[in-house]
Every structure is written in structure tokens, then in C-alpha cells.
Amino acid sequence: MSKTALVTGILGQDGPYLADLLLKKGYKVFGLIRRYSNPNFSNLDYLGVTNDVDYVEGDMNDEASLLNLIRMLHPDEVYNLAAQSFVKASFEQAKLTTEVNSLGPLYLLNAIKFFSPTSKFYQASTSEMFGLQHTNGYQDEKTPFHPRSPYGVSKVYAYWMTVNYRESYGLFTANGILFNHESPIRGIQFVTRKITDGVAKIKLGLAKELRLGNLDAKRDWGFAGDYVEAMYLMLQQKNPDDYVVGTGESHSVREFVEAAFKSIGISDWKKYVVIDPQFKRPAEVPNLKAKADKVRKNLGWKPKVSFEELVEMMVKADLKRYGK
Ligand code: NAP
Ligand code: F7E
């Protein structure tokens with residue numbers, strides 16, 4: 001019999017890449033979607049898997065819907081990717097962010113504990129939990145947390161609940177502490193996709209400028225398609241554990257801008273970029289760089305797509321979207 005997986009956040013960026021991977025491995029994939037009059041399947045369409053996923057309805061804010069789903073499906077694996085994941089919005093919508101990102105995982109953990117204790121659970125934890133903290137310029141599994149946004153704080157709660165249900169009830173629960181990962185289906189509000197979309201529009205004469213916030217922030221950017229493999233591997237191990245996942249390379253937003261413009265043959269990018277304070281945050285995470293030795297050693301995982309390849313892939317996809 002094929003294995004079953006419940007994936008929350010199926011319509012986002014990571015959901016479709018993970019669904020694609022699991023389907024190729026022969027899984028039956030259940031994707032959680034909330035009650036919508038018009039759900040947006042465009043990211044699943046991009047990967048060509050829209051018709052291969054079985055959709056189930058529920059909401060991370062609705063405990064009963066999650067309890068019921070786990071009770072009905074008894075999935076072998078649960079990947080909790082659903083979140084209010086935009087850091088900037090979490091400052092304005094802290095309560096909503098907390099409900100979805102902190103209580104949502106708690107509801108799922110309780111559902112597993114009560115109705116399906118053999119289900120393995122993956123929690124989408126994040127490098128945003130580290131915030132200001134680092135160990136000699138890097139972050140690894142031992143680096144303490146100092147989140148800088150309601151988003152980061154909400155994810156710290158979910159991280160510890162995931163650990164606690166493992167320690168208290170012997171559940172198979174794993175945290176993937178993933179650093180930024182991007183793709184052609186990255187949400188348009190995130191800086192990488194905003195840049196590649198803007199650069200494509202400028203190239204095609206559809207826009208004259210690109211408005212951005214803090215160009216000095218540094219991130220460890222990888223490709224989402226690589227990162228979902230690490231999620232899957234975490235749930236295939238004999239024992240559950242928590243892993244940092246990243247490339248080990250850090251680039252500034254400025255370097256991303258430069259690389260994106262360079263990929264379309266523009267070197268004087270400063271002519272097009274306008275700094276707009278509305279895109280700055282009340283508190284910033286200045287520098288993230290993963291030390292991902294554990295995931296490399298224990299799971300044999302490593303990133304396949306380089307920074308330059310990622311930028312080019314995203315710019316090309318956006319040019320194609322606009323018809324070139
Ligand atoms: P994303 O594109 O923002 O997708 C998040 C998904 O969560 C969306 O499909 C959204 O559904 C769903 N969702 C939000 N609120 C919900 C609710 N109340 N009930 C049910 N579903 C809800 O995020 P992503 O980039 O794929 O990231 C996946 C996960 O990894 C997130 O938990 C994120 O916080 C975490 N993470 C991401 C990164 C990264 O760099 N991408 C790094 C570390 C951790 P709708 O489509 O219906 O709005
Ligand atoms: O910002 C700076 C901004 O919104 C990256 C989420 O997936 O990764 C993501 O969070 C940096 C920040 O991602 C603009 O200030 C400058 O320093 O693309 P972002 P993020 O905040 O790092 C982590 C790992 C997650 O877990 C999150 O869910 O870029 N920046 N100018 C800008 N950012 C945006 N969005 N827009 C700008 O105009």
C-alpha cells in the first residue's frame with residue numbers, strides 16, 4: 001500500500017515542491033486548503049501536480065477541522081507548512097500570526113497525540129528564530145534563539161512544542177530549521193521574487209523603477225526544490241531530530257539586486273532602484289548564514305542550485321511569465 005502524507009500550506013511555495021517530490025515517490029498526498037470561494041492553484045499548476053493531489057478542507061485556526069482530518073486520514077506523515085509566513089506583515093498582524101503559526105501546530109500535535117500517534121510530524125521552523133544570534137558568524141542547531149519579529153516569536157513556540165511532544169509523548173516529530181529558500185513560485189511580496197519580477201518588468205519596458213527597503217540585510221538563499229528533499233529525509237530517519245538547512249553562503253539584498261540586473265545585461269542597476277522606507281521593518285535580522293553540517297552528515301543532504309543559478313532561474317521564469 002502506498003504511504004500517505006498530509007501537507008498543510010499546499011498552495012504556497014513549498015507545498016507544491018513537496019507534493020511533487022512525494023508523488024514521485026509513490027505517496028498519496030492530501031493537501032489542506034482553507035474554505036475559499038476561489039482557491040489559487042497556480043503554484044501547483046506550475047509544477048504540473050494540481051490534479052494529482054487529494055484536497056481536504058480545514059483551517060489552522062480551526063482545531064476541530066484538524067482533529068477530524070487526522071482522525072479520518074491517519075496519515076503516515078504530516079508536513080506542517082501552513083503559516084502566515086511574511087515577516088513584515090507579522091508586525092501589523094501579530095495575533096493572527098500567532099494563532100496560525102503557534103496554535104495551528106499545537107492543534108495538529110494534539111490531533112496526532114489523541115488520534116494517530118504513529119503519524120510522523122514535520123514542523124516548518126525557520127532561521128528567523130535566530131534573529132540576532134550567531135555562533136562565530138553562523139547559525140546551527142546549538143545557536144540560541146533571539147527572534148526579531150512576531151513571526152519569529154510565533155515559530156519559536158511551535159519549535160518548542162514540537163520538541164516537547166517528542167520528549168513528553170514519544171511522538172516522531174522533527175523541526176526543519178530552514179534558511180530562506182526561493183523559486184519561480186515564491187510569493188511576490190518576498191524580496192527575491194519582488195526583485196526578479198521587477199527586473200523582468202524593467203527589461204520589457206513595463207516598469208521604470210524598483211522600490212525596496214534595506215539593501216544591507218544578508219540572507220542564506222537556497223532553492224526550494226532542494227529544501228523539500230531535506231524535509232522528506234527528516235521523516236525517513238530511525239529517530240526524530242531537528243536540523244538546520246541552508247547553503248552556508250550569505251549574500252546581501254544588494255548583491256541579489258546586482259545579480260538579477262546583471263542577468264539581463266544591466267550593470268548600472270542604481271538608476272532603477274529607489275529606497276522606500278515603507279519596506280523597512282521595525283526590527284531587522286541583519287545576517288543569516290547556516291552551518292548545516294548535521295543535515296549534510298546525518299541525512300546526506302546538500303544544496304544543488306547555486307546562488308547565481310537561483311537568481312537566473314527566477315529572472316528567466318518572470319521574463320517568460322511576461323511573454324519573453
Ligand atoms: P507560503 O508560500 O507563504 O505558504 C504558506 C501557506 O500557508 C499558504 O498556502 C497559505 O494558504 C497557508 N495558510 C496560511 N494561513 C492558513 C490557515 N489559517 N489555514 C490553512 N492554511 C493557511 O510559505 P512557504 O514559503 O511555502 O513556506 C512554507 C513554510 O515554511 C511556512 O510555514 C514558512 O513559515 C516556513 N519557512 C519558509 C521559509 C522560506 O524561505 N520559504 C524558510 C523557513 C521556514 P493560502 O494559499 O490559502 O493563503
Ligand atoms: O526579506 C529585506 C528585508 O521578506 C528578506 C520568509 O520566507 O525567510 C523569509 O523571511 C530581507 C529582509 O524574507 C525589501 O528587510 C529589503 O531583511 O524576502 P523577505 P525574510 O523576512 O527573510 C524566512 C527564513 C522565513 O521563515 C519567512 O517565512 O530583505 N528587504 N527590501 C525587503 N524585503 C521585502 N519583502 N520587500 C522589500 O522591498
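Helices here are DSSP runs of H or I, at least four residues long, numbered from the N terminus. With that in hand, welcome to the tour; keep in mind that this is a predicted model.

**Stop 1: helix α3 and the residue after it**

Start by selecting H74, which comes just after α3 and takes a positive phi of about 45 degrees. Then step back into α3 itself, residues 63-73. Which of its residues are buried? Colour S65, L66, L69, I70 and L73 to see them. Now look down the helix axis: the buried residues of α3 fall within an arc of 125 degrees, so they line one face of the helix. A general point helps here: an α-helix has 3.6 residues a turn, so residues three or four places apart point the same way. To see what covers that face, show the strands β1 (4-8), β2 (28-33), β3 (54-57) and β4 (77-80), along with helix α5 (94-115), which are included in the cover over the buried residues of α3.

**Stop 2: α5 beside α6**

Keep α5 on screen and add α6, residues 150-169. The axes of these two helices are 8 Å apart, at an angle of about 10 degrees. Angles under 35 degrees count as roughly parallel, which makes α5 roughly parallel to α6. Their crossing is right-handed. For the contact, show side chains on both sides: α5 contributes residues including A94, T98, L106 and K113, while among those from α6 are Y151, K155, M161 and Y169. Coloured by class, the contact of α5 with α6 has 11 nonpolar, 7 polar and 2 charged residues.

Before leaving α5, pick out F114, which sits in this helix. Is F114 buried or exposed? Its relative accessibility is 53%, so F114 counts as exposed. If you draw a C-alpha to C-alpha distance from F114 to K28, it spans 23 Å, with their positions 86 residues apart in sequence.

**Stop 3: α7 beside α9**

Next, select α7 (residues 191-203) and α9 (residues 253-263), which pack with their axes 10 Å apart and at an angle of about 30 degrees. That makes α7 roughly parallel to α9. α7 passes α9 in a right-handed crossing. Show V191, T192, I195, T196, V199 and I202 from α7, and you will find them meeting V253, F256, V257, A260 and F261 from α9. This contact divides into 9 nonpolar and 2 polar residues, with no charged ones.

**Last stop: K316**

Finish in α11, residues 307-321, where K316 lies. K316 is exposed, with a relative accessible area of 54%. From K316 to L206 the C-alpha distance is 16 Å, and the two are 110 residues apart in sequence.

Key: Residues are numbered from 1 along each chain as its sequence is written. Chains are lettered from A and ligands numbered from 1 in the order in which they are written. This is a predicted model: local features need pLDDT of at least 70, side-chain atom pairs count only at pLDDT 80 or more; totals for chains, interfaces and linings use all residues. Side-chain values use heavy atoms; hydrogens and water are left out. Axes are lines fitted to C-alpha atoms, for helices over the stretch in contact, and angles run from 0 to 180 degrees between N-to-C directions. Angles under 35 degrees count as roughly parallel, over 145 as roughly antiparallel, 65 to 115 as roughly perpendicular and the rest as oblique. A crossing is left-handed if the near helix is turned anticlockwise from the far one by less than a right angle, and right-handed if clockwise. Contact means heavy atoms within 4.5 Å. Ala, Val, Leu, Ile, Met, Phe, Trp, Tyr, Cys and Pro count as nonpolar, Asp, Glu, Lys and Arg as charged, and the others, Gly among them, as polar. Buried means under 20% relative accessible area, exposed over 50%, partly exposed in between (1.4 Å probe, protein chains only). The arc is that of the directions from the helix axis to the C-beta atoms.
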